[in-house]
Amino acid sequence: MTHALIVIDVQNDFCPGGALAVAGGDDIIHGINATMNDFDAVILTQDWHPAGHSSFASTHDADPMSVIDMPYGPQVLWPDHCIQGSIGAQFHADLQTDRADLIIRKGYNPAIDSYSAFFENDKTTPTGLEGYLRTRGINTLTLVGLATDFCVNYSAVDATRLGFDTTVSMGLCRAIDFDGSLDAAKAGMQGAGVTLG
């Protein structure tokens with residue numbers, strides 16, 4: 001059984017001081033670093049949006065955190081964040097990136113957002129992560145990172161749906177917790193068969 005640690009979006013814009021800061025987002029970094037050597041593989045995901053991305057509130061002249069209907073379903077409109085090549089898109093300086101076997105970027109298609117490490121938000125366009133894991137014989141995943149109720153949640157549910165034995169290490173995640181999103185995410189993950197550790 002080969003076990004991978006998937007570190008979701010530990011980037012400057014999701015940490016305190018960033019454009020879409022998650023409270024305590026940097027508090028988990030030391031713990032994530034400390035656990036990396038316990039795994040056969042470490043994979044980092046990186047939100048990587050072009051300027052003017054369709055998920056940005058500024059693109060629609062709308063308020064951040066409002067919701068619009070996109071061809072693939074409801075889309076929360078976010079403050080501009082993790083723009084390709086920006087300081088905000090960089091991994092937090094304290095995160096040990098040298099241990100990563102793979103860095104997978106998501107959200108680079110300007111027409112569709114991508115919360116999950118496995119699929120864009122249309123739930124059908126793959127990122128390539130599944131194929132990577134399968135060719136390496138990895139079948140067990142532990143997810144950590146930001147934010148629990150969005151990118152970690154979507155990634156964990158997709159991983160379980162794809163047949164991976166999936167755990168979310170809740171102590172090494174932090175949530176946005178927008179309008180009850182954390183409780184909904186916990187219930188959804190448990191309902192999908194994700195282990196909350």
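A helix here is a DSSP run of H or I with at least four residues, and helices are numbered from the N terminus. Keep that in mind for the label α3. One more thing before we start: this is a predicted model.

Let's take the largest pocket. Its space comes to about 420 Å³. It is lined by 24 residues. Nearest its centre are Y115, K123, F150, N153 and Y154.

Which element gives the most to that lining? It is α3, with six residues. That helix covers 148–161. Strand β4 (73–76) and helix α4 (181–192) each supply at least two residues as well. By type, the pocket lining has 13 nonpolar residues, seven polar and four charged.

Now the cavity. The structure holds one of 30 Å³ or more. Its volume is about 130 Å³. How many residues line it? The answer is 15. F14, L20, W78, H81 and C151 lie nearest the centre. Ten of the lining residues are nonpolar, three are polar and two are charged.

Last stop: R174. You will find it in strand β7, residues 165–174. Is it buried or exposed? Neither: R174 counts as partly exposed, because its relative accessibility is 26%, and that falls between the 20% and 50% cut-offs.

R174 has plenty to show in contacts. Leaving out residues up to four places away in sequence, it touches ten residues, among them V22, D27, I28 and T148. A polar atom of its side chain lies 3.3 Å from the backbone oxygen of G171. And look at F14 again. R174 and F14 are 160 residues apart in sequence, yet their C-alpha atoms are 9.9 Å apart in space.

Note on methods: Residues are numbered from 1 along each chain as its sequence is written. This is a predicted model: local features need pLDDT of at least 70, side-chain atom pairs count only at pLDDT 80 or more; totals for chains, interfaces and linings use all residues. Side-chain values use heavy atoms; hydrogens and water are left out. On a 1 Å grid over the protein atoms alone, a cavity is a set of points where a 1.4 Å probe fits but cannot get out, and a pocket is an open set with protein on both sides within 12 Å along at least five of seven lines; lining residues have an atom within 4 Å of a point. Grid points are joined across faces, edges and corners, and a volume is the space filled by probe spheres set on the points. Ala, Val, Leu, Ile, Met, Phe, Trp, Tyr, Cys and Pro count as nonpolar, Asp, Glu, Lys and Arg as charged, and the others, Gly among them, as polar. Buried means under 20% relative accessible area, exposed over 50%, partly exposed in between (1.4 Å probe, protein chains only). Contact means heavy atoms within 4.5 Å. A polar contact is a pair of N or O atoms within 3.5 Å; within protein, one must be able to donate a hydrogen and the other to accept it, and residues adjacent in sequence count only if both atoms are side-chain atoms.
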